[in-house]
Amino acid sequence: MLYNATQKVIQLSGGREIVIETGKLAKQADGSVVVKQGNTMLLATVVAAKEPKPDCDFMPLSVEYKEKYAAAGRFPGGFLKREARPSDYEILVSRLIDRALRPLFPSDFHAEVFVQVNLISADKDIMPDALAGLAASAALAVSDVPFAGPISEVRVARINGELVINPTFTQNADADLDIMVGATYDNILMVEGEMKEVSEAEMLEAIKFAHAEIKKHCQAQMELSKELGKDVKRTYCHETNDEALREKVIAETYDKAYAIARERSAKHERSDKFDALEEEFCAQFSEEELAEKRPLIKRYFHDDVLKKAMRNMILDEGIRLDGRSTTEIRPIWCEVGYLPCAHGSAIFTRGETQSLTTVTLGTKLDEKQIDDVLFKGSEQFVLHYNFPPFSTGEARPARGLSRREIGHGNLAWRALKPMVPVGEENPYAVRVVSDILESNGSSSMATVCAGTLALMDAGVKIKKPVSGIAMGLITDTKSGKYAVLSDILGDEDHLGDMDFKVTGTKDGITATQMDIKVDGLSYEVMANALEQAKQGRMHILGKILEAMPAPREDYKPFVPRIVQITIPQEFIGAVIGPGGKVIQEIQKTTGTTITITEKDSKGFVDIFGENKEALDAALDRIKGIVAIPEVGEIYTGKIRSIVAFGAFVEIMPGKDGLLHISEIGNKRYETMEETGLKEGDTIEVKLIGLDPKNGKLKLSRKVLLPGGEKSEEKGEGRPERREGHHAHRREERKLG
């Protein structure tokens, strides 16, 4: 055998197991593993450059998660039939991995690191994203790349009141709590997921449940690393420091920076003052000295002056950069209906963060089509988030969507999704678009709030309004002090120890995203942050309801209208017609758009039109097709053909009956020419019976003529009449 594979097995509940294997595939990478559960397999590799990038003072980490269509025995869509740009789902999984790994690389390690996780075999009922974080960490564990792991990520779902680790797709469909948790053996690093209005205590219980499982994953990786001799990592030197310069920067700028921080100035004004202070310090050096010292000055000024000044001010005085207390929410103003031509619109402004959000309502044809490796279908409700450079005053072009925009949009989508009616409750495709016009902290939460308002402005009958808040944390491990911050600023996010976003209704949490940047965060602190977040959410929800207490009673006048009806499954083909002929003709003549979805042995017909007349015309045509002829009813029909023994009359779309020559009039006709009837004539007929042998319709015109039947002679009123392919009740009236 040309390879020497090593395996570790992790036992899951229900007899399931996860196998980590290394030494068989991709051996030229610094580290590579195959993680397998059932028939699902992920190949994870890590490669790190030997030397840092020049003048690099950050961690240049790249994480890519990629699903191969061949893994599920499928062809990619599109003309080229090969995997192209990553899907939103792949980007979101990549972000989940990145957010858990990034804090654990040494702060002075600046070599480029590339982590790649590929889905190479896909069991259709196993969710691979729950294994991707474990696979990436295991690849690092069997490498010599410096890393303060291992970590793992698991999915926790609550199904019928019971918490389950890494449920299947089938199981997860019934979950009312679905979160991903990333952690080391000792500490929680990352949480993200959606819930159906659960309490803070229930969410915390799920996080603890996940951490107990993650400890088993980390233990297996530590054992594997030790067996392979990879518990000793490579040596490196990526930073040179000048301690004398560091002390000089602190001594000459800290007090001034602290004073600026206490001024409660606006974001850009404060930033300009900090820049001016840095330039003032640099002015004492010659150009030659600055060429060497400026990168160090910039780092020391940021890490040892600005960061510490802001943190100390909060911990020691309880004062924040904008002068608020730790629990105070910035001023909020909202406006709905700002855009007169949009189906729904809202502005939500909180401090220096502003979202202009629109809602557009469309047909089933407008739904988002998804063609991922393990999921193919459509999404009735979508949310898109845009973060243009001008929102932060940056002078740069806007080119393409960033991963951040995909991630923030997904969080807001998850927050609103449980409250947006779909299916039979709402026939419209719904698209929410949030354009961030200003940003200084938590634009994703502004998107949730603006999205709630815009949906209500559009007349979408959301179940409950949703609000969101971003929480921060400042800790001092030496003194044990900590401060939980409500509604954080951008600087507080950047310089703080936690970014914790929570969304929900008055009755519970709908979505969360948490990134923790500090070791040893206790569950007590997390519980305090959740309770403080709840108070902030309720305050913001009150401001939303002041602007708009409930959805509009009706859609705006220019919103195209949809009527949805249910038809028996056996009539779907009749409405569509051969090659779509019938439905296309109805759409063309009425100016409507019609879609049919088959579900639960029924046909759901959506008719989308610009006005009521068009809707009614299309509705009448479809009801005519699916109506069942009733014996004794009168119909207005068109003669389709003349034969020697009578005429065939279409009394409903696609439903012809025979009007025999003996049933045309009170006199006896020898030939059809004598009747005067011809093709295309419209006549009244009565359905008098069904042929017992073949079910064909038997019609009569004679019984409608004076003297044609006893009831007519007695003047007791004419039978019910059906006109225009559709039955309409008429008032009884006496004859002549």
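**Exercise 1. Is Cys 218 buried or exposed, and why?**

Start with the relative accessibility of Cys 218, which is 0%. Now take the cut-offs: buried is under 20% relative accessible area, exposed is over 50%, and partly exposed lies in between (1.4 Å probe, protein chains only). So Cys 218 counts as buried.

A quick note before going on: this is a predicted model, where local features need pLDDT of at least 70, side-chain atom pairs count only at pLDDT 80 or more, and totals for chains, interfaces and linings use all residues. Residues are numbered from 1 along each chain as its sequence is written, and side-chain values use heavy atoms, with hydrogens and water left out.

**Exercise 2. Work out how many disulfides the structure holds, and where Cys 237 stands.**

Look for pairs of cysteine sulfur atoms within 2.5 Å, which is what a disulfide is here. The structure holds zero. For Cys 237, the nearest cysteine sulfur belongs to Cys 56 and is 14 Å away. Cys 237 is exposed, because its relative accessible area is 60%.

**Exercise 3. In which order do the five strands of the open sheet lie?**

Strands are DSSP runs (E, at least two residues), numbered from the N terminus, and two of them pair if DSSP finds at least two bridges between them. Following the pairs gives E11-E12-E13-E17-E16, with mixed pairing. The edges are E11 (332–336) and E16 (381–386), each pairing on one side only.

Next, zoom in on E11 and E12 (residues 344–350): they run antiparallel, joined by five bridges. Ile 332, for instance, has Arg 350 in E12 as its bridge partner.

How values were computed
Helices (H or I, at least four residues) and strands (E, at least two) are DSSP runs, numbered from the N terminus.
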